[in-house]
Amino acid sequence: MCGIVGILGKSGENVLPSLLNSLEKLEYRGYDSTGIALSNGDGGSIIRVRSAGKLFNLKEKLQNMEVSGSIGIGHTRWATHGEPSEKNAHPMISTNLAVVHNGIVENYKKLKFSLENDGYIFTSDTDTEVIAHLIQRELFNDFSPVEAVQRCLSVMDGALAIAVVFADHKKIVAARRKGSLVIGFGEHVMCVGSDIGTISQLCQEVSYPEDTDIIEISENDAVFFGANFQKVDRPKHEVEHDPCHELAETYSHFTLQEIMDQPSAIRKTMLYNQNKIDESILEGVNTILILACGTSYHAGMVAKYWFEYFLKIQTNVEIASEFRYRSPIIADGTLVISISQSGETIDTLAALEYASSNGNCKTVAIVNVKNSSTDRSSNVVYYAEAGVERGVASTKAFTAQLTILASLAFCRNWFLRQQLQNIPTICEAALSIGDETREVARIISKSSSAIYLGRGNLYPIALEGALKLKEISYIHAEGFAAGEMKHGPIALIDERMPVLFLCPHNELFEKTFSNMQEVLARGKNIIAITDAEGEKNLPSDVRRLVLPTVCSAVAPIIYSIPLQLLAYYTALELGTDVDRPRNLAKSVTVE
Ligand code: G6P
């Protein structure tokens, strides 16, 4: 949520092109506005250019301007304080500095009041502007840039990551408190970014600051200040280039590329984890608690079905943002599993922290982004090797999460582990129904609402299918347990309402089929997603998408695929910005 980048050129070259390139990679974190600030650190003025809306607007604006600088910062915004407008776009400026910020300054009102009393004039509605003025106030008091940042942070509450440039210092000062941040060491530049993908093209090595670190970046080095403002060493890691950052010529959207990439993502995830996930993690475990948000929460819901059925361990799945505010009890012997694509979702992190400090429990993180805050806060980490996910709506990370959860759930069952091995190949077959989903997408795109129904471990997939449709096509959609229809949602059915049934020919088929009859008696627009055997039983007037036959245990992975394709093609029909849907951000670092 909000992305920041900072680049310091080592030999005075203009960093603007690199900044814009990095901002493109950051856009998934927010696109309400973008902005850059450039300086040469030689006492000249700081140039700032900002624009409301997506990066495209900023680039257009810059085309008619001649701006350059050897030190620069950039920002993509997901608005929290203040409407998405140019006035509220970062960087925020105070006399001799500019700052970009990801996070929230919780006590900004009090700080603003004190700054206004000192004569500082605010020009935006953001909380970030207090950071700029607070640092400036300390610079006026003759503190050095890094000291000024440290003094500013000491009076601020909230989670954040910042980068600051100065008019008269050849430095960038960055800091993190819970927010994500990476420092990059390159041949030609030093840099800082919200994630490694933002800066990987610029550097050969990176370091990950620890929580509360402040980093003073100059032309040849980065000095890290840890607890008590003492200099500390942070290890450097070699940068591995991830091809997932680039859009292949064959695709027009990352979302489709990522949907199609699932067989490979699942294969890699299984391979990477094959010797890591085993029964030993379950030793002494009486109950499992899963914490997650959004799509990751749906993966957790599927896992509840799996863990209780195959491991016979009671499992609770909690929406992370609700969990810690109701004083939940963490029993001894609880295995806490947090699931997060980004590893930076603040609600999930906070829920994990609550569980760790209020119970005697083991913590496992299932995360896609390496070196994230979640993996650093957990005893054990299982990585989803899905690669970078650039589409804001999560697709391949979801099925990779399911693969990990299934590997754990099936750890005592040889037959199911074998079934899992076949999943990448079955996924390939499931992906080949793309053209048929296009037809159904055309129908859905003409509706203002859609209903998704499933039973058993496909109920969470119905929820996920509805979420995907909402996220990228903006069509209202709801998922329900098929058996719940008659308790209310059936009132929504009329002749036009598309109703999607997830109904493979499994042990629950007859039940789901009865629910389908109930809907058929009232509506006409039914789409069944089924297998060859299920298809034989369908009335002729029911549209169908037929998937390969799989055993019920692994069906959630396969049945996710047509729903992702449906959402994608519906969005395409409607011409929405599929990879960057309105109002959303991929990494949600505010509560
Ligand atoms: C945001 C994203 C969703 C994602 C959710 C949880 O809302 O738009 O796609 O499912 O955050 O993110 P996480 O990174 O924790 O899985």
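The following exchange asks how several labels attached to this predicted model are justified.

User: How do you know that the length of helix α20 fits that of a helix with its number of residues?

Analyst: Helix α20 covers residues 555-574, and at 1.5 Å a residue its 20 residues should span 28 Å, while the end C-alpha atoms lie 29 Å apart, so the two values agree. Of these 20 residues, 17 are buried, which leaves the helix mostly covered. Just after α20, Gly575 takes a positive phi of about 70 degrees.

User: Why is the pair of Trp306 and Phe410 called edge-to-face?

Analyst: Eight aromatic pairs are counted in the model. In the pair of Trp306 and Phe410 the ring centres are 5.6 Å apart and the planes make an angle of 70 degrees; because a pair needs centres within 6.5 Å and the edge-to-face label needs an angle over 60 degrees, both conditions are met by these values. The pair links distant parts of the chain, with Trp306 in helix α9 (residues 294-311) and Phe410 in the loop between α13 (396-409) and α14 (414-421), 104 residues apart.

User: What makes Trp306 and Phe410 count as buried?

Analyst: The limit for buried is under 20% relative accessible area; Trp306 has 1% and Phe410 has 0%, so each of them is classed as buried.

User: Why is the pair of Tyr309 and Phe310 given the edge-to-face label, and how are the two residues classed by accessibility?

Analyst: The centres of Tyr309 and Phe310 are 4.9 Å apart with 80 degrees between the planes, and since 80 degrees is over 60, the pair is edge-to-face. Tyr309, at 57% relative accessibility, is over the 50% limit and therefore counts as exposed, whereas Phe310, at 24%, falls between the limits of 20% and 50% and is therefore partly exposed. Ring pairs link Trp306, Tyr309, Phe310 and Phe410 into a cluster.

User: What makes Lys312 a residue that lies over the face of Tyr309?

Analyst: The distance of Lys312 from the ring centre of Tyr309 is 4.9 Å, and because the cut-off is 6 Å, the distance condition is satisfied. In another such arrangement, Arg582 lies over the face of Tyr474, at 3.9 Å from the ring centre.

User: What is unusual about the phi of Tyr474, and why is this residue called partly exposed?

Analyst: Most residues other than glycine have a negative phi. Tyr474, in the loop between α17 (459-473) and β22 (476-481), has a positive phi of about 65 degrees although it is not a glycine. Its relative accessible area of 27% lies between 20% and 50%, so Tyr474 is partly exposed.

User: How do you know that Ser94 and His133 are joined by a polar contact?

Analyst: Their side chains are joined at 2.7 Å, and because the cut-off for N or O atoms is 3.5 Å, that distance qualifies. Ser94 is in strand β5 (residues 92-94), and its 3% relative accessibility is under 20%, so it counts as buried.

User: Which residues come nearest the ligand, and what distances are found for Ser340, Gln341 and Ser342?

Analyst: Of the 14 residues around the ligand, Ser296, Ser340, Gln341, Ser342 and Thr345 come nearest. Oxygen atoms of the ligand lie 2.6 Å from a polar side-chain atom of Ser340, 2.7 Å from a polar backbone atom of Gln341 and 2.6 Å from an N or O atom in the side chain of Ser342.

Definitions and conventions:
Residues are numbered from 1 along each chain as its sequence is written. Side-chain values use heavy atoms; hydrogens and water are left out. Helices (H or I, at least four residues) and strands (E, at least two) are DSSP runs, numbered from the N terminus. The expected span of a helix is 1.5 Å times one less than its number of residues. Buried means under 20% relative accessible area, exposed over 50%, partly exposed in between (1.4 Å probe, protein chains only). Rings of Phe, Tyr and Trp (its six-membered ring) pair if their centres lie within 6.5 Å; planes under 30 degrees apart count as stacked, over 60 as edge-to-face and the rest as tilted. A charge sits over a ring if NZ of Lys or CZ of Arg is within 6 Å of the ring centre and within 35 degrees of the ring normal. A residue is near a molecule or strand if one of its heavy atoms lies within 4 Å of it. A polar contact is a pair of N or O atoms within 3.5 Å; within protein, one must be able to donate a hydrogen and the other to accept it, and residues adjacent in sequence count only if both atoms are side-chain atoms.
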